[in-house]
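Me: Please take a close look at the open sheet of chain A and explain how it is built. In what order do its strands run?

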There are 4 protein chains.
Amino acid sequence: MKVGIIGATGYGGLELIRFLHNHPEVEKIELFTSSEEGTIFSSKFGHLLTIHDTPLQKIEAESLAGFDVVFTSTPSGVTSKLLPPLVDIGPKLIDLSGDYRLKDLGAYEKWYAKAPAPESIVKKSVYGLTEWNEENIKSASLIANPGCYPTAVLLSVLPLIKERLIDPEYLVVDAKSGVSGAGNKPSQITHYSEMNENFSIYKVNKHQHIPEIEQAIAMFADFETTITFNTHLVPMTRGILATSYAPVFPGVTNKQLNDCLLETYKSHPFVRVVQDVSSIGTNRVKGSNYCDIFVQLDERTNRATIVGVIDNLVKGAAGQAIQNMNVQLDLPQKLGLDVVPLFI
Amino acid sequence: MKVGIIGATGYGGLELIRFLHNHPEVEKIELFTSSEEGTIFSSKFGHLLTIHDTPLQKIEAESLAGFDVVFTSTPSGVTSKLLPPLVDIGPKLIDLSGDYRLKDLGAYEKWYAKAPAPESIVKKSVYGLTEWNEENIKSASLIANPGCYPTAVLLSVLPLIKERLIDPEYLVVDAKSGVSGAGNKPSQITHYSEMNENFSIYKVNKHQHIPEIEQAIAMFADFETTITFNTHLVPMTRGILATSYAPVFPGVTNKQLNDCLLETYKSHPFVRVVQDVSSIGTNRVKGSNYCDIFVQLDERTNRATIVGVIDNLVKGAAGQAIQNMNVQLDLPQKLGLDVVPLFI
Amino acid sequence: MKVGIIGATGYGGLELIRFLHNHPEVEKIELFTSSEEGTIFSSKFGHLLTIHDTPLQKIEAESLAGFDVVFTSTPSGVTSKLLPPLVDIGPKLIDLSGDYRLKDLGAYEKWYAKAPAPESIVKKSVYGLTEWNEENIKSASLIANPGCYPTAVLLSVLPLIKERLIDPEYLVVDAKSGVSGAGNKPSQITHYSEMNENFSIYKVNKHQHIPEIEQAIAMFADFETTITFNTHLVPMTRGILATSYAPVFPGVTNKQLNDCLLETYKSHPFVRVVQDVSSIGTNRVKGSNYCDIFVQLDERTNRATIVGVIDNLVKGAAGQAIQNMNVQLDLPQKLGLDVVPLFI
Amino acid sequence: MKVGIIGATGYGGLELIRFLHNHPEVEKIELFTSSEEGTIFSSKFGHLLTIHDTPLQKIEAESLAGFDVVFTSTPSGVTSKLLPPLVDIGPKLIDLSGDYRLKDLGAYEKWYAKAPAPESIVKKSVYGLTEWNEENIKSASLIANPGCYPTAVLLSVLPLIKERLIDPEYLVVDAKSGVSGAGNKPSQITHYSEMNENFSIYKVNKHQHIPEIEQAIAMFADFETTITFNTHLVPMTRGILATSYAPVFPGVTNKQLNDCLLETYKSHPFVRVVQDVSSIGTNRVKGSNYCDIFVQLDERTNRATIVGVIDNLVKGAAGQAIQNMNVQLDLPQKLGLDVVPLFI
């Protein structure tokens, strides 16, 4: 199998390389770029010395046609233009950017402040939240891989909303992410001396993942709601922990909440329902494709606390993308992804 | 002025030393301990070499009587027994532990799982949230210095509750703390290799600061409510950022929310109302007694996001304790505390 | 193939599990302990939930006899007693502790302050610096896996000493390690709040890896010398970078130094000779079995600066141990170890 | 007293503000810039909200003439042009950049790759290593404040070289710095995700502080030598630890080495000779003007290990600059600088 990666120099791209390197069905990985054609990849990324000593290639539709799968891991606003000519010419397309996630083009324009992708292609694209959309993913030619925050939030709250155990009318999601989520481009905020030992909040009530989460709640749990969602930057590199709060419906017990999660994910290898809160933390999933979830009912307030934890670069990006590729190609979901989290 | 510190080896104690060293009215600082009598302090804490080369002393009521102020910075369950004989025998007492904060002894027993302090002394004690209780602090003989989380939460939400701008019936507080809040005792959780690069949640819906916050909302904003409150550990040493969520009452605007905060704190030197969210972060207050607060109305949901940021060891412990001492002794609040945050 | 790990709860043990999980020849991994028999492993290490939900077993010679390979990853002073009865009863033994590394029992006693292992077993054991001792490793029944620091130092300086390009009479090695090298036992030094943002030096001129390095220089480069070697703790979890300094012999050029390294390691997949110093750093090998090395002649002083970088838990422990297992079992060296470094 | 700071937006400038804010003789601090005239300082640096809400001013010789002291904290190559017209027109000048440190203009050109300052002004300038040049500093009109690395290295090795206890002919200095030493300008190297958990070496044998150290050894210890000096980046914000290695002259004892340091610095408040190596570490001096030093003779090799530790932004920049100002103005050295290190 021959796989191409467009946007290989970003952190999502680097993680695709890390996992595809050990994917038994992938024979060849080629790296594409819009701006650094010819650069020997390992001269830019020393950790790939002896592993990827080949040059970055120019993006051209003809040459891409021969690939089995093409991943795009680019900033928003790029694949809306780049991908349409590649649809249905050969390779399965898996887009890690936000360009094909929102079915409502107006919402895309509003939250991303960019022109949307063509409506026909957006319609064709399939939202790649693997555990919730497997059937559609199987036959998709273009997958819109979910955002990092939505993955952590949706996997943890969707079962409880779908089963009408919690009330999404007053769902508050307080999410926290490691700095790699901000990408590889240096800035004052991510300058080490100013990011280190600094915990901060950003994009208050304005994050573009809000409509994505709301859309998925409607799509998979059949509930229209407006959520409160905020994001924080944690002085660490990898990991997202999202804490969600919602009232439970009258009579709902802690056991019901946990059983719902266990039942939903019993046959899904990458979602782990954790009973002991001291086992929940971003380092328990670091470097892996696991999503750990936890729920607890507060009987004083009759509200549930729901926690979702992922490695933002893996289950929140490259890992889920490869999981989707496996589904598309009818391979076992764990192929190439069955690694043990680093923990330390 | 002669000042004693009981529990000097904890992080609260070390911060008291750091600030009192530069307090112009403090002539002498003596350090007391229950277990390491005779130890030269700087042999244990190298950063104090040439600064505190004196031995730790044994705690004895007689010798403490001659002090002007005695700070206690001990684990919960210690000063409930230690302080009663010292009340009204001479020194002003400022307790940084949780033993005198809750007026309801039953609540103390329930949340701390310890026997409470004598009721008469608890009654006598004054809750030291400086900006909200200045009159009572002036004449107090025993101050219950607020907890770190309650300080960050209360300073940011109290004005809005008191003015009935937000509805505390559905107040959700999602708080995050640096690791120094867990104290100086090594444990598996705070072992560097397992804490580093790990963001986690702990004591879900069970933190002993919950009744303290609820009590203060009743006391200062005249509102009985049960809140949702959760705490997270951030892989950094200092700092608390608490994000609170509540619906606003109909018609309330973003400007009203901000004006309320600005008006409340206009003459309080340590509370800063921040307009630009990119200026909010734990490193903006690091090492200082400032509390930075921020509020924003989300017009999609009619809920307010309220942020409070402090250095947990300073405004959340030693700094506020000295601020209270200044008030008790009729000194300017900023005396000895007027330092610039480190930022980097 | 059936593999046992004694000391699975340490960081070396956890890394063995991480890599063996993906080793194609390993069918079964069983975990042994001296003190926590019966504990479900994943209840202690949440990252292994659904991966290792089996209980820790009691160490017993009879049951271990049936294994193909047994790794021991215990503190020093344990395997000197534990391993002798297991030698030649069945499994290949690979000891990650320091108990079998020093051929001079007196040196062991002096530097480790412990009783040495039996002389006959020490004699039998083979020092597992894979790239330099492959022939002996092939037929070894007991491998003394090298220390983390010696691995980084030896791989980088041995070729230059052996070829008499640098003068080991005045070899100064300044080594720096991430905190995971100190193990998983909490202590004041490794308490997060005191380790974070703290760079320190420890065991000045007294590290037990000194005689190991000197012995290997004599063994593989035929030179008896006493070295200067110091170790520092870096506030990060993984990684060792060792900077070595030595005068070059008259007339030696920078090119000769580099060519010597390139030539030595041209057929060794895990040692990478780096030309661009900006590509050298602990994150370039993080999570992988690579050792990156770099050399530069300072023409002002005619001294060489030699840098060796490894992940202390992988090439400095578990990774090299598995590499040695592969050699013992005549498998390709990269089997199960061919992972891409994490970089971020 | 009226003090101006040129280059206030850099980390050295921010630290000047932090300390001068509490300097009892400083009445007014004004901030100057070449590029952001008019910007309200606290809108750029949130930690200074309510502390420095004044605008940045344009640099003009006339207006600067009225100041008592002007600090310049700019990149190299700026003050070589900026300062000459300001010399002797009024304010004491203290330059934190490297432009006036090297008396040999050719060396400046070679190591800095920039045109040097005018020879007459360089001659006039006084090297501000306070503890070693106090007499000249008193009467200086322009002070060349030492580099961060040279401060840590020189304070620790100069006494031993001057007393001919160690042999500087083979002095190897292995220095490590926190990331703030790289300044406030974002770059790929200092991008959080790539700097975090990464220990690296840089500018191998090429650091511009090499000639500064050699010049000072000649100047203060009367010994011409070429040293080996390398620098490493530690994933932390503040602190330098420099480990130096040199043979001792025959017969020199560990006690002599320590006595020499103790005797040299007995009346210097900011240099602390540490006996217990476990008390040495960058967090022991964090945020303060202390320099902690340690020496130990290795009797196996007859070489000394010498350690110097500072906060690079304080004793290595702003703190030493203010200490020099105090000396110039005949104030006590500790004025405004007598703060307790943060430790945690």
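Reply: Two strands are said to pair if DSSP finds at least two bridges between them. Helices (H or I, at least four residues) and strands (E, at least two) are DSSP runs, numbered from the N terminus. The model is predicted: local features need pLDDT of at least 70, side-chain atom pairs count only at pLDDT 80 or more, and totals for chains, interfaces and linings use all residues. Residues are numbered from 1 along each chain as its sequence is written, chains are lettered from A and ligands numbered from 1 in the order in which they are written, and side-chain values use heavy atoms, with hydrogens and water left out.

In chain A, seven strands form an open sheet with parallel pairing, in the order S3-S2-S1-S4-S5-S7-S6. Strand S3 (57-58) and strand S6 (126-127) of chain A are the edge strands, each pairing on one side only.

Within this sheet, strand S5 (residues 92-95) and strand S7 (residues 142-144) of chain A run parallel and are joined by three bridges. Here A:Ile94 stands opposite A:Ile143 in S7(A).

Helix H12 (residues 314-328) of chain A lies across strand S4 (69-72), S5 and S7 of chain A. Its direction is at about 155° to S5(A), where axes are lines fitted to C-alpha atoms, for helices over the stretch in contact (heavy atoms within 4.5 Å), and angles run from 0 to 180 degrees between N-to-C directions.

As for the record, an unreviewed UniProt entry annotates residues 2-140 of chain A as "domain: Semialdehyde dehydrogenase NAD-binding"; such annotations, given in the numbering used here with shortened feature names, may be inferred rather than shown by experiment. This span is 33% helix and 17% strand, and its end C-alpha atoms lie 18 Å apart.
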